[in-house]
Amino acid sequence: MWRKLPPVFSIIRRQLLPNYKNISQSRNLLTLLSYFNSIENPRVCQSPNYQLLANSTFSRRNTCSDSKKKLSSCWNCNAVASGITPFLVCQFCRAVQPVNHSIDYFHIFSLEKKFDVDDENLEGKYKDWQKKLHPDLVHSKSKEEREYAAEQSARVIDAYRTLTDALARAMYIMRLAGVEVDEEQTVSESELLSEIMEIREAVEEAADPQALKEIKAQMLEKLRVWGESFANAFQNKNYEEAQKSIQRMTYYKRVNEEIVKKL
């Protein structure tokens, strides 16, 4: 019987039938065999419905994906998924995956790795991920998967908080570039120190909430200006200037936090 089948069937028989139990959990093998028999080039994975079989059969030859893409294997169904999208949830069985620390925060939200981010896209992606990882959606899953979901949810929250805060985002980008920044490092410039002292005195002497709000608006503007300064310095790989911008942002953010407490 098998001798009458095209060569591709022999490949499938040798490589897949020993593991038929796993494959049958996700796809109907006979349907897939018919699919491969009907196309001229079985190595081209044109349909997502057959991606699992294609990856299982040809992943060693790297024929279904670009050789430059990273590949990950699902712990639940052993499917291979490309690293184009964050591998928080398996593309095939939808099982929540263990935390992969090689995936940075920008990758999680499908954002370009730069200081300026699309806040609207970031918030939308954050809500989408939290829906997929919400405890109500995984309460019937195994203990292992529920633990993965809790870890992933915590990491997504941390990623969101980091990328929505200008100072935290700047420091995170520097770390990704291999440059550590000490936010507790003091600034020796007398002009900046005098400015900060005057601002703090103004905060202490503010007569009403409106006066505090005006000072807060000034601090937010200074954060914006120095954020732009950081972005330009980082883009030009001038890490020394980038660190100076971060130090100034740190001072203005602390003043802003003091104002928020008083409001």
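This section describes the fold, the nonpolar cores, the aromatic pairs and selected local contacts of a predicted model of a protein chain.

The protein chain holds twelve helices and two strands, and from the N terminus on these elements follow the order α-α-α-α-β-β-α-α-α-α-α-α-α-α. Of its 263 residues, 38% count as buried, and the accessible surface of the chain comes to about 16,100 Å², with 46% of that area belonging to carbon and sulfur atoms. When contacts between residues at least 6 apart in sequence are considered, 56% of them join residues at least 24 apart.

In soluble globular proteins, nonpolar side chains tend to be buried together. In the present model, the largest nonpolar core has 50 residues, and those with the most contacts inside it are I108, F109, V156, L163, M174, F230 and I246. At least two residues of this core are supplied by each of α5 (105–108), α6 (119–133), α8 (143–164), α9 (166–176), α10 (190–205), α11 (209–235) and α12 (239–262), and α11 gives the most, with eight residues. A second, separate core consists of five residues, among them C74, C77, A79 and C90. Within the largest core, I246 is one of the residues with the most contacts; when residues up to four places away in sequence are not counted, I246 touches L167, A170, M171, M174, V181 and F230.

The aromatic pairs in the model number seven. In one of them, the ring centres of Y105 and Y172 lie 4.5 Å apart and the planes meet at 15 degrees, an angle under the 30 degrees that serves as the limit for stacking, so the pair is classed as stacked. This pair links distant parts of the chain, with Y105 in helix α5 and Y172 in helix α9, 67 residues apart, and both Y105 and Y172 are buried. A further pair, formed by F115 and F230, is edge-to-face, with 5.3 Å from centre to centre and 65 degrees between the planes. Because F115 is located in the loop between α5 and α6 whereas F230 belongs to helix α11, the pair ties together parts that are 115 residues apart in sequence. Both F115 and F230 are buried, and ring pairs link these two residues with F234 and Y239 into a cluster. Charged side chains are also placed over aromatic rings: R169 lies over the face of F115, at 4.5 Å from the ring centre, and R248 lies over the face of W226, at 5.2 Å from the ring centre.

Helix α9 contributes both Y172 and a set of other buried residues, the full set being L167, R169, A170, M171, Y172, I173 and M174. What covers these buried residues includes α5, α8, α11 and α12. At the start of α9, a side-chain oxygen of D165 reaches to within 3.2 Å of the backbone nitrogen of L167, while just after the helix G178 takes a positive phi of about 85 degrees.

A comparable arrangement of side chain and backbone concerns D104, which is found in the loop between β2 (80–82) and α5. The side chain of D104 reaches the backbone nitrogen of F106 at 2.9 Å and the backbone nitrogen of H107 at 2.8 Å. The relative accessible area of D104 is 13%, a value under the 20% limit, and D104 is therefore counted as buried. Leaving aside neighbours within four places in sequence, D104 is in contact with K113, Y172 and L176; Y172 is also the stacking partner of Y105.

Towards the C-terminal helices, V203 lies in helix α10 and has a relative accessible area of 1%, so that V203 is likewise buried under the 20% limit. When residues up to four places away in sequence are not counted, V203 touches L212, I215, V255, I259 and K262. V203 and K216, which are 13 residues apart in sequence, have their C-alpha atoms 9.2 Å apart in space.

Technical notes. Residues numbered from 1 in each chain as written. Predicted model: local features only at pLDDT ≥ 70, side-chain atom pairs only at ≥ 80, totals over all residues. Heavy atoms only, no water. Helix = DSSP H or I, 4+ residues; strand = E, 2+ residues; numbered from the N terminus. Buried < 20%, exposed > 50% of the residue type's maximum accessible area, 1.4 Å probe, protein only. Contact = heavy atoms within 4.5 Å. Areas by Shrake-Rupley, 256 points an atom, 1.4 Å probe, with all protein chains shown as cover. Core = buried A, V, L, I, M, F, W, Y, C linked by side-chain atoms within 4.5 Å. Phe/Tyr/Trp six-rings, centres within 6.5 Å; stacked < 30°, edge-to-face > 60°. Lys NZ or Arg CZ within 6 Å of the ring centre and 35° of its normal. Polar contact = N/O pair within 3.5 Å; in protein donor to acceptor, adjacent residues only side chain to side chain.
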